[in-house]
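Let's take a walk through this one together, strand by strand. Keep the viewer open and follow along.

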Amino acid sequence: MIRRFQLFVIAAILVVAAFSTEEGFLFYLVYLATLVIGGSYILTRLGLADLEAGYAVSQLTGHVGDRLQVTYTLRNTSRMPKPWLEIHNPTTLPGGLPGRAITLGSRSERSWLVRAPLIRRGHFRIEPLQIRTGDPFGFFEASASVGQGIAVVIYPRIEKLPMWRLPAASIEGSHSAPERTLQATPLATTVRPYAPGDAFNRIHWRSTARHGEIQVKEFELEQTADAWIFLDLDRSAQAGRGEDSTVEVAVRVAASIADKALLENRAVGMTVNAHRMAILPADRGSRQHLKIMQLLAAVEGDGSTPLAESLVAAAGRLRRGMTAIVITPSLDPSWIRPIAALRTRGIGSVVVTLDAAAADRIDRAERGRHGERVSPLDAAADEQRAQRSRALRHALSEYELRVHAVTPGASLAEALT
């Protein structure tokens, strides 16, 4: 706007000077300025005419570590070339989407592919495509918006846990790994010839008639030891920043364990004490997998409900034969008693602790590399946290709870064995 005003002032002064002095050179400048400015205006106005544009996104969801592919296409259907076009996609995706300046000849088309890494989980937007053009002198510009905005959901990274095993439940037909059993369960897998000692109610009469000798059924224990994940996002217990923070590590652990359990045909439920208490009823299958990933993509470490209260609030939803999995960086031992009390109801327990002190050390090292000052009081805080961590481990060992310790930056497959 300021440039246009300055141009108008200079043009007015030039016209007044030309008619006042009647100098031929000034009239020549007036004619030249009229030609340049008029041509620039017409060129800008026609810069977006007869132009077709669009973009296509390869996927609307993905996991951290994946790459989002965006294909752009511009087509000029007129005989007039487009000497300068600037294309940009505004977005809230971390890292953004790179723009491009191109030239289109008459009746030509350009396409290109952008691969954007997905580096942070969350819900993001890709706004409509913005196309801008102008004249070579920068006097005028025109812009247009193409398409509609879309939402992109980035789920947390899922790590494979080949050695992760839930403890066997205390009811038949609900063990965590298939094995032969002498008891009759709902899962009959094959038949075999009768052997002395086999119960008569295990005889499969149709197979007996077909083979001409007595055949009995063999059973396996079903993979239905259900799991309930308690993800602790109480802000008072969190430490670190970025991918090595306790929040991000805890979310990755929850996503990986839930994925493993659902692949084993278990029902998985989840309680998250984030800004609002979120309780996801236990279910199995791909639909439950989607619900869990949608929840974990949105949560942050801003909860105000202590873990002990979350355990008490959701304990009534757990049934006999389930396994409660607690994921927490909390050093407050008050949550140990509620999780240990579940054993009397036939509910197994697994605890995954996160090393908040290590997350803080990584954060301080990162800040030091960027020139930020580190407080000398951090060493004393680390010592106090180490004492509380030792006290927590002692309390967990008293109740004989199964514990896995996860350190930021370490492999989850190695920690969860």
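What follows looks at some strand pairings and then at two backbone oddities.

Keep in mind that this is a predicted model. A good place to begin is strand β18, which covers residues 348-354. Is β18 mostly enclosed or not? Of its 7 residues, 6 are buried, so the strand is largely enclosed by the rest of the structure. Buried here means under 20% relative accessible area.

Now look at who sits beside β18. Strand β17 (residues 323-328) runs parallel to β18, and 6 bridges join the two. If you want a register mark for that pairing, pick A324: its bridge partner in β18 is S349. To see how the chain gets from one strand to the other, trace helix α7, residues 336-341. Together, β17, α7 and β18 make up a β-α-β unit, and its hand is right.

β18 also pairs with strand β19, residues 402-406. That pairing is parallel too, with 5 bridges. Here the register mark is V350, which stands opposite R402 in β19.

Next, jump back to the earlier part of the chain for another sheet. Which strands form it, and in what order? It is an open sheet of 3 strands, ordered β1-β3-β6, with antiparallel pairing. At the edges you'll find β1 (51-57) and β6 (109-117), each of which pairs on one side only. Ignoring direction, neighbouring strands in this sheet are turned by 15° against each other on average. Zoom in on β3 (residues 67-76) and β6: they pair antiparallel over 9 bridges. Within that pairing, R75 stands opposite E109 of β6.

Finally, the backbone torsions. Most residues other than glycine have a negative phi. Where should you look for exceptions? One is D50, which is not a glycine but has a positive phi of about 55°. D50 sits in the loop between α2 (24-45) and β1, so this spot leads back to the edge strand of the open sheet. With a relative accessible area of 47%, D50 is partly exposed.

N265 is another residue other than glycine with a positive phi, near 65°. Its place is the loop that lies between α4 (246-263) and β15 (268-273). How accessible is N265? The relative accessibility is 42%, so N265 counts as partly exposed. For both values the relevant window is the one between 20% and 50%.

Note on methods
Residues are numbered from 1 along each chain as its sequence is written. This is a predicted model: local features need pLDDT of at least 70, side-chain atom pairs count only at pLDDT 80 or more; totals for chains, interfaces and linings use all residues. Side-chain values use heavy atoms; hydrogens and water are left out. Buried means under 20% relative accessible area, exposed over 50%, partly exposed in between (1.4 Å probe, protein chains only). Helices (H or I, at least four residues) and strands (E, at least two) are DSSP runs, numbered from the N terminus. Two strands pair if DSSP finds at least two bridges between them. A crossover is right-handed if, with the strands pointing away from the viewer, the path from the first strand over the helix to the second runs clockwise. Axes are lines fitted to C-alpha atoms, for helices over the stretch in contact, and angles run from 0 to 180 degrees between N-to-C directions.
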